[in-house]
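Reader: I have a model open and would like to learn how to read it feature by feature. Could you walk me through it?

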Amino acid sequence: GAVREVQAQANSGPPHPSEEAAAMAGVGSKTQLLNVLGDVKARVQDKLGVVDFPLPQFILIGKQSVGKSRLIEALAGETFNFISGTLGSRRPTVLEFRNITSSRSSRWFVRDRQTHQWQEHPIHEVMQLVGAAHEELGESVSPEPIYVRVESPLCVDMQIVDLPGFRDFALDSSKQSLSDKIVQLVMTFMKDKRNVMLCVEQAADAATMSTLQKCREIDPKFERTVLIRNKLDKFYNDLTSDNVSRWVDGYGDLPENLVRFSLTLPWWRDGAASPKPFSELRESMNAEDLRQMQAKGLGARYMQTIGFANFASYMERKIEMMFVDAMGPVLNKLRDLQQSVERREKELDTEFSETDPHRILSTTRDCGVSFATALTHVMEGVLDLKPVMTLEEELREFHAYHKAMGSTHFSMLPSEEFGSLDDYIEYLRNEIQIATFDVEVNGGAQFRRLMTEVEIFLRFSEVAVETKKRDVIQARGVSTGSLTWRDVVVKLLSNEAHLPLQRRVQYVGERIRWFFEKQKEPVLEFMEKLEGTPNANLYSPLYPKHARLVKQNEVIKHLVFQTYDKACARQLQQFVELFENMLTSTFSNPWVFLKSSTAAKSDSDDMDDAVLPSFDDTKDRIPRELEARSGTEVRLSKWLVDIPTDSQQIDDAVDKVQMLVLKTYGFIRSQVCDQVELFSESFFKLPMMRRLEEAMAMIELSDDDTSTYQTRRDRLAADVKSAREGLTEINGCIDRLQGFKLKCEARGI
């Protein structure tokens with residue numbers, strides 16, 4: 001249990017300064033160990049900005065006025081008072097105590113929050129600086145600590161983080177808000193599993209210890225909790241040989257595995273002066289705690305948990321063990337950091353050389369050309385690329401984008417019968433049951449699914465206005481020649497029947513454009529992730545390098561993406577124009593467009609019967625194909641013949657013309673929808689991908705781009721210098737830690 005842990009550490013006894021010096025001669029004392037790891041942590045955090053570092057620390061928690069400040073004074077070996085105003089402390093205070101036996105008096109240091117350098121100050125200035133750091137927060141809190149170091153022959157070797165105390169009550173709502181913020185701040189530190197919690201409570205009934213209960217909630221097995229029960233002297237008269245052991249155990253309310261100490265910290269009456277020097281008062285009260293408890297008959301097993309000296313000895317040994325155990329993880333973290341910074345330095349060096357004023361334009365064009373060629377590979381299908389999306393995510397993002405853009409030039413839903421996008425999504429998922437609806441894809445697989453969706457969208461096209469009797473009569477008119485019903489149908493179709501398809505074609509184009517614009521990130525990831533993989537040899541070795549340049553250099557990224565987006569926009573315009581021209585010609589002469597496929601029916605579907613045709617076979621095939629393609633045209637012609645030409649039968653003629661307009665429109669719509677993927681490939685995808693590489697190779701720099709490049713290059717020079725300095729710091733930390741570790745191992749420590 002915890003008591004055995006304290007006893008095991010105590011049995012070795014606190015080392016005499018001369019014995020410890022002899023044991024650590026040529027290696028470094030406990031203070032040196034703390035200095036090495038503490039300085040490594042400070043250098044890495046402050047100079048490199050790395051916050052998450054695997055060093056353990058003690059955090060001091062407890063309610064206000066429970067004795068936390070006096071415990072810190074006891075560890076320092078002298079009294080002091082941080083001036084934190086009426087609101088108390090509101091940020092962590094990191095206290096580094098260094099026992100310097102050769103010093104005649106204490107020296108106090110505060111680490112400057114701008115330069116991160118230690119600066120020595122008289123103790124009264126230290127108190128003011130710490131107080132000002134708390135007061136500047138007003139009625140708020142901050143996790144950013146203030147650092148104080150004490151070097152003294154009277155202090156204990158350790159580092160501790162003093163956290164703001166829990167408040168029992170608040171006078172008003174603002175004070176309650178501050179109290180809540182303090183709880184959140186302290187709980188954040190308590191939840192960090194690297195922190196050992198020093199829980200300070202008054203030596204009262206263990207069942208009423210509220211701070212210990214908070215520790216139990218976060219650390220149920222008390223693996224990183226140490227209980228300090230203060231003001232033991234108040235219970236001298238209540239303890240007897242019959243109850244003293246049970247009192248130390250909290251009458252069963254303290255778990256056996258909880259490390260705990262009971263002690264009396266130096267105190268004297270309010271308004272009176274200390275009866276003796278603080279360090280002597282600390283020793284005398286420690287001695288009185290031991291004498292009283294021994295006189296009550298407390299067993300030797302429990303005596304190791306009594307008094308400040310036993311607590312200080314435990315803490316010194318505990319922190320030494322923790323820091324020694326941490327040396328391995330710290331070295332591993334430093335080596336990981338070293339690799340990361342080396343990689344970063346190399347990338348910055350590459351970008352700096354590639355953005356030489358004489359190479360800027362060629363570098364940008366090379367990155368663009370690589371991007372264009374990589375798009376082809378992504379469209380062919382590459383596994384494990386991000387980002388990916390389902391069809392629902394795709395449609396919602398597409399709609400949100402055009403809603404934000406205020407787009408009104410095309411229909412966002414295939415029919416007014418769909419009340420919202422949700423209705424359309426539900427239709428696609430549950431009624432059409434698109435197989436890949438909920439599959440997360442990108443690249444070519446996403447394009448193929450897109451083709452399915454836009455085909456369904458197009459198929460909702462219907463003739464927007466009813467063909468009225470007046471329209472039929474007006475369309476027939478009077479001509480010097482003979483105006484057939486075929487001409488009337490064409491005239492009616494050309495009037496407004498093509499508009500529904502035309503509006504939906506704009507949707508198809510916008511969907512394809514949006515799709516291609518969303519492929520920028522997958523293309524970049526494809527280029528970057530090739531490095532070091534078996535597939536790297538299958539593609540251009542420049543892909544990873546160019547991907548890093550695009551990601552790191554905002555100017556290159558802007559120019560490449562801008563050129564890409566312009567290519568998408570240009571192809572959208574051409575796609576819509578070509579598609580609309582095709583629709584115009586189709587509705588002008590639907591009979592030509594509606595000729596069926598010329599593929600003649602084969603006598604056999606068996607692949608084994610297929611042989612190369614002879615010249616006679618070819619001559620026989622052609623008439624059959626010409627005859628086969630006239631199926632739709634024959635039907636339409638038959639319906640045309642059925643329309644009466646007698647003016648007395650105009651009502652019947654109008655009905656038949658209306659039917660024929662709808663039938664013809666339906667045939668055209670089916671043909672267009674059947675071929676939408678072919679049109680999309682021919683009018684958008686293939687032309688854009690062919691011309692994209694050419695567009696990238698023709699990128700030009702404006703004066704603003706050149707100026708921005710120079711600004712980036714100046715910043716790069718500073719970044720390269722910073723990376724090199726950081727690498728020097730890391731290498732220095734690794735060398736120092738490895739050297740210290742080797743010396744300790746050589747001495748068997």
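**Reading confidence before coordinates**

Author: Gladly. This is a predicted model, and across residues 10-28 pLDDT stays under 50, with 21 contacts beyond four places in sequence in the model for that stretch.

Reader: How should I treat a stretch like that?

Author: Where pLDDT is low, the predicted coordinates should not be read in detail. For the protein chain as a whole, the average pLDDT is 82, and 82% of the residues score at least 70.

Reader: Fair enough. How many helices and strands does the protein chain have?

Author: There are 27 helices and nine strands. Of the 749 residues in the protein chain, 46% are buried. The accessible surface comes to about 37300 Å², and carbon and sulfur atoms contribute 49% of that area.

Reader: And what share of the contacts with a separation of 6 or more joins residues 24 or more positions apart?

Author: That share is 82%. For one individual case of residues distant in sequence, take V324 and K741: they are 417 residues apart along the chain, yet their C-alpha atoms are separated by 8.7 Å. V324 sits in helix α11, residues 308-354, and is partly exposed because its relative accessible area is 42%.

Reader: Now a strand, please. Is β1 enclosed or open?

Author: A good way to judge this is to take the residues one by one, then sort them by face. In β1 (residues 57-61), five of the five residues are buried, so the strand is largely enclosed by the rest of the structure. The cover reaches both faces: Q57, I59 and I61 are buried on one side, and F58 and L60 on the other.

Reader: Which strands pair with β1?

Author: β7 (residues 195-202) pairs with β1 in the parallel sense over five bridges, and β6 (residues 158-162) does so, also in the parallel sense, over three. To locate these pairings on screen, start from two residues of β1: L60 has L198 of β7 as its bridge partner, while F58 has I160 of β6.

Reader: Can I read a helix in the same way? How many residues of α4 are buried?

Author: Yes, count along the helix. α4 covers residues 68-76, and seven of its nine residues are buried. These are K68, L71, I72, E73, A74, L75 and A76, a list that takes in K68 and E73 alongside L71 and I72. Just after α4 comes G77, with a positive phi near 85°.

Reader: What about a single side chain inside a helix? Where is Q506, and is it buried or exposed?

Author: Look at its place, its accessibility and its partners in turn. Q506 belongs to helix α18, residues 499-517. It counts as buried because its relative accessibility is 14%, with the cut-off for buried being under 20%. Beyond its neighbours within four places in sequence, Q506 is in contact with H409, F410, L572 and V576.

Reader: You mentioned a positive phi at G77. What should I make of backbone angles in general?

Author: Most residues other than glycine have a negative phi, and most peptide bonds are trans. Two residues here are worth a look against that background. K231 has a positive phi near 65°; it lies in the loop between β8 (225-230) and α8 (244-248), and counts as partly exposed because its relative accessibility is 23%. Y251 has a positive phi near 55°; it belongs to the loop between α8 and β9 (259-262), and it is partly exposed, with a relative accessible area of 44%.

Reader: And which residues does a cis peptide bond join?

Author: K386 and P387, with omega about -5°. P387 is in the loop between α12 (360-380) and α13 (391-405).

Reader: Last topic: cavities. How many of 30 Å³ or more does the structure hold?

Author: Two. The largest has a volume of about 40 Å³. P387 turns up again here, in the lining of the largest cavity, together with V388, M389, N442, Q446, K518, Q519 and P522. That gives you a good spot to practise on: find the cis bond between K386 and P387, then follow the lining residues from P387.

Conventions
Residues numbered from 1 in each chain as written. Predicted model: local features only at pLDDT ≥ 70, side-chain atom pairs only at ≥ 80, totals over all residues. Heavy atoms only, no water. Helix = DSSP H or I, 4+ residues; strand = E, 2+ residues; numbered from the N terminus. Buried < 20%, exposed > 50% of the residue type's maximum accessible area, 1.4 Å probe, protein only. Contact = heavy atoms within 4.5 Å. Areas by Shrake-Rupley, 256 points an atom, 1.4 Å probe, with all protein chains shown as cover. pLDDT = per-residue confidence, 0-100. Pairing = 2+ DSSP bridges. 1 Å grid on protein atoms, 1.4 Å probe; cavity = no way out; pocket = protein on both sides within 12 Å on 5 of 7 lines; lining within 4 Å. Points joined across faces, edges and corners; volume = space filled by probe spheres on them.
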